[in-house]
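Q: Could you take me through one part of this protein slowly? I would like a close look at a single region and at what its side chains do.

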Amino acid sequence: MNDVTKQTLTKVPAVTLGFWVIKILATTLGETGGDAVTMTIFHADTHKNWGYLLGVTIFGGALVALVAAQILAKRFHPTLYWATIVASTTFGTTLADFADRSLGIGYTGGSLLLLGCVLTTLGLWRWSEGTVSVSTVSTPKVEAFYWATITFSQTLGTALGDWLADTRGFGYERGALVFTAGLAVVVALYYWTGVSRVTLFWVAFILTRPLGATVGDFLDKPVANGGLALSRPLASAVIAGIIVVLLIVLPQRPGRHPGKAEGEAAETARDVA
């Protein structure tokens, strides 16, 4: 692979069906994994402030380290990328729970605050770069915007899932169906309308998080609260195992930077000449 070809590749995976399957599993793992640490290990149900705060500290540190490694990497590494995604979603779970419960702003307040953070980050990204397309994630600056947006969107998704399931009284099963229906609408808009693909990507990215959150809650919450009361560590281990298998089975290739395609074509023409 020559230098020009490397420059045309981004450091995030191509957006395929496999990408979305693994993304949903990663968000579900984020919910069960985050709950396993804050509720099972640190018992946040009885020590709310310390349990959630410790979870935020642990997963926040892991996220910072993995994002730094991702930015320093010279090319796309599937394992590193998805480890960072899982870190962002577990951090999002614990941060949303800390804000909603320990800080007392509730699911509605937390969702509105985080929505503002997502929109602000996307706005700054677009103002700086002229686009928020993930196909341009190939420089440290754009990567910083990308991971900030992802972290806020993962946290927002957790708050939205809890808001719909608990505050609005939908429960985990109906909540999951609502977010699945929302994703179905996004798919329909993608195939049958001219709505911006970049906008649809970020809407879908945000919606997969509350879908994973409600599915994760359904798996590990008590039966009295509408869950299956499965072991959080066990559920997390099983989901992590499935993700690893899919990373091996499904092709993981980097996306391409559209703005550099002409440079690659020109380089190829020169090589042929």
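What follows is a walk along helix 2 and its surroundings, with a look at the salt bridges and at helix 5 afterwards.

A: Happy to, and please keep in mind that this is a predicted model. Let's start with the pocket that helix 2 helps to line.

The largest pocket holds about 720 Å³ of space. Its lining is made of 25 residues, and those nearest its centre are Val15, Trp20, Tyr190, Phe201 and Ala204. Three helices each supply at least two of the lining residues: helix 2 (17-41), helix 7 (171-192) and helix 8 (197-220). Helix 8 gives the most, with eight residues. As for chemistry, the lining counts 19 nonpolar, five polar and one charged residues.

Now to helix 2 itself. Ile24 is one of its residues, and Ile24 counts as partly exposed because its relative accessibility is 27%, which falls between the 20% and 50% cut-offs. Leaving aside residues up to four places away in sequence, Ile24 touches Thr208, Leu211 and Gly212. Along the chain, Ile24 and Val215 are 191 residues apart, yet their C-alpha atoms are 9.6 Å apart in space.

Thr27 also lies in helix 2. Its relative accessible area is 0%, so Thr27 is buried. With residues up to four places away again left out, Thr27 touches Thr89, Gln154, Thr208, Arg209 and Gly212. You will notice that Thr208 and Gly212 appear among the contacts of Ile24 and among those of Thr27.

Arg209, a contact of Thr27, brings us to charge pairing. Side chains of opposite charge can pair when their charged atoms come close. Glu31 forms a salt bridge with Arg209, and the closest N and O atoms are 3.2 Å apart. This pair links distant parts of the chain, with Glu31 in helix 2 and Arg209 in helix 8, 178 residues apart. Glu31 has a relative accessible area of 1%, so Glu31 is buried. Arg209 counts as buried because its relative accessibility is 0%.

How many salt bridges are there by this rule? The count comes to three. Besides the Glu31 and Arg209 pair, the side chains of Lys11 and Glu143 meet at 2.8 Å, N to O. That pair also links distant parts of the chain: Lys11 sits in strand 1 (residues 9-13) and Glu143 in helix 6 (residues 140-167), 132 residues apart. Both Lys11 and Glu143 are buried.

Glu129 and Lys141 meet through their side chains in a salt bridge too, at 3.4 Å, N to O. Glu129 is in helix 5 and Lys141 in helix 6, so this pair ties together parts that are twelve residues apart in sequence. Glu129 counts as partly exposed because its relative accessibility is 33%, and Lys141 counts as partly exposed because its value is 47%.

Glu129 leads us to helix 5 (residues 106-129). At 1.5 Å a residue, its 24 residues should span 34 Å, and its end C-alpha atoms are 34 Å apart, so the two values agree. The buried residues of helix 5 are Tyr107, Gly110, Ser111, Leu114, Val118, Thr121, Leu122 and Trp125. An α-helix has 3.6 residues a turn, so residues three or four places apart point the same way. Gly130 follows helix 5, and the phi of Gly130 is positive, near 85 degrees.

Technical notes
Residues are numbered from 1 along each chain as its sequence is written. This is a predicted model: local features need pLDDT of at least 70, side-chain atom pairs count only at pLDDT 80 or more; totals for chains, interfaces and linings use all residues. Side-chain values use heavy atoms; hydrogens and water are left out. On a 1 Å grid over the protein atoms alone, a cavity is a set of points where a 1.4 Å probe fits but cannot get out, and a pocket is an open set with protein on both sides within 12 Å along at least five of seven lines; lining residues have an atom within 4 Å of a point. Grid points are joined across faces, edges and corners, and a volume is the space filled by probe spheres set on the points. Helices (H or I, at least four residues) and strands (E, at least two) are DSSP runs, numbered from the N terminus. Ala, Val, Leu, Ile, Met, Phe, Trp, Tyr, Cys and Pro count as nonpolar, Asp, Glu, Lys and Arg as charged, and the others, Gly among them, as polar. Buried means under 20% relative accessible area, exposed over 50%, partly exposed in between (1.4 Å probe, protein chains only). Contact means heavy atoms within 4.5 Å. The expected span of a helix is 1.5 Å times one less than its number of residues. A salt bridge is a side-chain nitrogen of Lys or Arg within 4 Å of a carboxyl oxygen of Asp or Glu.
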